[in-house]
Amino acid sequence: MRGSHITKITLFIQVFLLSILVGCAGVKVSFVKSSDYMQQRRGDILSTGQLSTYTGAALQVFGVDKKKCLDNGAMCRDILTNTIGVHSENRFSSLAELWLEEAKKLDKQPLEDKRIEDLVNAYLETARYSYAYLFMTRRTPEKRSLEDRQTQVRDYYNFAVQQILTTLFEYYRQKPPTALDDGQHDIHLRFGEWNITIRNEDIRFAGKRIMPEELIPASSLSFAGLRNQYRRDGLGAELVAVTSKRVVNMQSVEEPFSETPFPAITAVISFPGSTPQEILKTHDVTITSYDPYGRESIELAETEVPIAANFTSGYGLWLARSGFAAQSLLTLIGKGDVLETPRVYLMQPYNPDRHIVIMLHGLASSPEAWINLANEVLGDETLRQNFQIWQIYYPTNAPIAFNHYEIYKAITQTLKNFDPDGKARATQKILLVGHSMGGVLSRLMVSSSGDRLWNAFLKQYPLEGGRLERVKKEIGPYMNFEPLPQVSRAIFIAAPHQGTPVAEIALVRWIAKFIKMPFSMLGRFKEVAQLLVDPSSANPVSLTRSFNSIDNLSSRDPFIQLSSTLPISSQVHYHSIIGNNTPKLSLADSSDGVVPYKSSHLDGADSELVVASGHSVQETPGAIIEIRRIMHLHLKEPESGIDKK
């Protein structure tokens, strides 16, 4: 009995000891939801406000819970910096995140309490350790390309660069630093312990500015009215530079063009040194700004890396601040800032190697008519690399003949400014895209008048002698013209080539009475009208009414009827896109609600697409896809052009 009791005690002790041992070595398992899985794998200080599992794992090596770092970040950074036992990739990436945590904490402080030097230092340290992780560890970025951690660290770097540059810009905007005259206009700053060089590699600001008025992170912008926002992943901070408070210059100036007042910028930071030790020791840093339209990649630390880019932000900001929607209507009736002559707006800095697309809007409209088409072109990688967009803003209250002459002149002067010798690829194969009245103007741009318009004018106003010579000098340029030689393709969208009967509706005729031309233009026509007056006649002559822009679009207007018969250059390929919102009618009798099919149709067009749409067909996905197709086709055309004969 006693032996049995001892045996039971011994067995109990063995089971107890075994349970202790098993308890020490046991692992429990539970299932993780997919949402929790994503947060565990990809959540970090930027996305969730909490340190990532990667940084938590690095700290656990030293027995430190990552939650302690929220209150004592300096301790955690010191442990990772000065204690061995962690792989360099884990060390550098974790320190980048810990420094970013510190920077975000400092950034939340009230403005009056914010220590700018400490804030910039924290972001610079974030960028430094991110840079060391990306370029100074054994594995190259290509070998880590599919890893979540590299994406996180790249984002730490990009965000830090964005914050450094915008913080410095705001700090110095009231007292701009002096640029060193070293040929590159570098700006050198001593900021705390850091020697900072700011370099503009290939950004050209509009006008003669060397510094923008504002510097806006592209990530902070959201646009209503744009279907998509297009960007490119890569290294660097995506920014928009604001170079002008006046977005749209309505008045006559020496130059008929304006380069984009909101150029896109991609900024990167680099540190001197070829080893991790050198990178982590230096307090020299260079911030370089690049044109993301002109560059897809750069060499950094002997590594070719793609640079980030945002292709929508600058264009969207230009439209948002332009006030086009209201001004285009006010201009029609002579109110607000009166637009007297056409303006050419470059949507991005001029590039001599990219074909030019010129877009002309319609009556009572503006460049906003192209809001989604232009954005979709920028979103197509092939088109973006081969085209640059120019948009014309012109006074739609002016007669078609006047606008044609002035737009032709503005385009010619702009081309001459950027390509004086006329040899650049950009100016060899221009593509015209015109909507509505802009389509009529585009057709005139590629047509030859011969003597048809002038002879018709003389038939109505028989002149001779000195009066004939003076009238010919004044209005001859509006009546005699040849195709714009640089254009090799045109797209006419909902264009009333033979006018529209809508212009004859009583309500439209009544509205036409309120259309007013600028005083300078009105004065010019009055002078011509006086020349046409027969001294022996008691009947005055007025050109201002008969040349009204709405009257010009009437299917009964002599000018529109005659101009529709002018021959289009044999050197030009042309295409038609036509809206149809009358599906129950035959194609020949159909209309987009404003322009009949018969008026938009052109014999000899390379292609014609009819889209189920109203008059604003240029905004429909079907039309945009067709325009992109034609632009891709345009790229295949020989550089020297092609004769259709």
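**A walk through the chain**

Of the 645 residues in the chain, 51% are buried. The model is predicted. The chain carries 22 helices and 18 strands. Its accessible surface comes to about 30500 Å², and carbon and sulfur atoms account for 55% of that area. Long-range links are well represented: among contacts between residues at least 6 apart in sequence, 77% join residues at least 24 apart.

Start with helix 5. This helix covers residues 88–107, 20 residues in total. From first C-alpha to last, helix 5 reaches 28 Å, close to the 28 Å expected at 1.5 Å a residue. Helix 5 is mostly covered, with 15 of its 20 residues buried.

Ser94 belongs to helix 5. Is Ser94 buried or exposed? Ser94 counts as buried because its relative accessibility is 0%, below the 20% cut-off. What surrounds Ser94, once neighbours within four places in sequence are left aside? Its contacts are Tyr54, Thr55, Ala58, Leu80 and Arg149.

Now turn to helix 7, which runs over residues 148–172 and contains Val153. Val153 has a relative accessible area of 0%, so it is buried. Leaving aside neighbours within four places in sequence, Val153 is in contact with Ser93, Ser130, Tyr133 and Leu134. Ala96 offers another reference point: Val153 and Ala96 are 57 residues apart in sequence, yet 7.3 Å apart in space, C-alpha to C-alpha.

Next, the cysteines. The structure holds 1 disulfide. A disulfide is a covalent bond between the sulfur atoms of two cysteines. Here Cys69 is joined to Cys76, with an S to S distance of 1.9 Å. The angle about the S-S bond is -95 degrees, and the link of Cys69 and Cys76 is left-handed. Are the two cysteines buried or exposed? Cys69 counts as buried because its relative accessibility is 0%. Cys76 is buried too, with a relative accessible area of 0%.

The nonpolar interior comes next. The largest nonpolar core has 67 residues. Which of them touch the most other members? They are Tyr157, Leu168, Ile196, Ile269 and Ile287. Helix 6, residues 116–135, gives this core its largest share, 12 residues. Another core lies apart from it and has 53 residues, including Ile356, Val487, Ala495 and Tyr574.

Ile196 shows the packing at one position. Not counting residues up to four places away in sequence, Ile196 touches Leu124, Leu168, Ile187, His188, Leu189, Phe191, Val285 and Ile287. Two of these partners, Leu168 and Ile287, are also named among the core members that touch the most others.

Finish with a sheet. Strands of a sheet pair through backbone hydrogen bonds, either parallel or antiparallel. In this chain, 8 strands form an open sheet with mixed pairing. Their order is 6-12-14-13-15-16-17-18. Which strands lie at the edges? They are strand 6 (257–258) and strand 18 (607–611), and each pairs on one side only.

Follow the sheet to its strand 18 edge. Strand 17, residues 573–579, pairs with strand 18 in the parallel sense over 5 bridges. Which residue of strand 18 stands opposite Ile578? Val610 does.

Key
Residues numbered from 1 in each chain as written. Predicted model: local features only at pLDDT ≥ 70, side-chain atom pairs only at ≥ 80, totals over all residues. Heavy atoms only, no water. Helix = DSSP H or I, 4+ residues; strand = E, 2+ residues; numbered from the N terminus. Buried < 20%, exposed > 50% of the residue type's maximum accessible area, 1.4 Å probe, protein only. Contact = heavy atoms within 4.5 Å. Areas by Shrake-Rupley, 256 points an atom, 1.4 Å probe, with all protein chains shown as cover. Expected span 1.5 Å × (residues − 1). Disulfide = S-S within 2.5 Å. Core = buried A, V, L, I, M, F, W, Y, C linked by side-chain atoms within 4.5 Å. Pairing = 2+ DSSP bridges.
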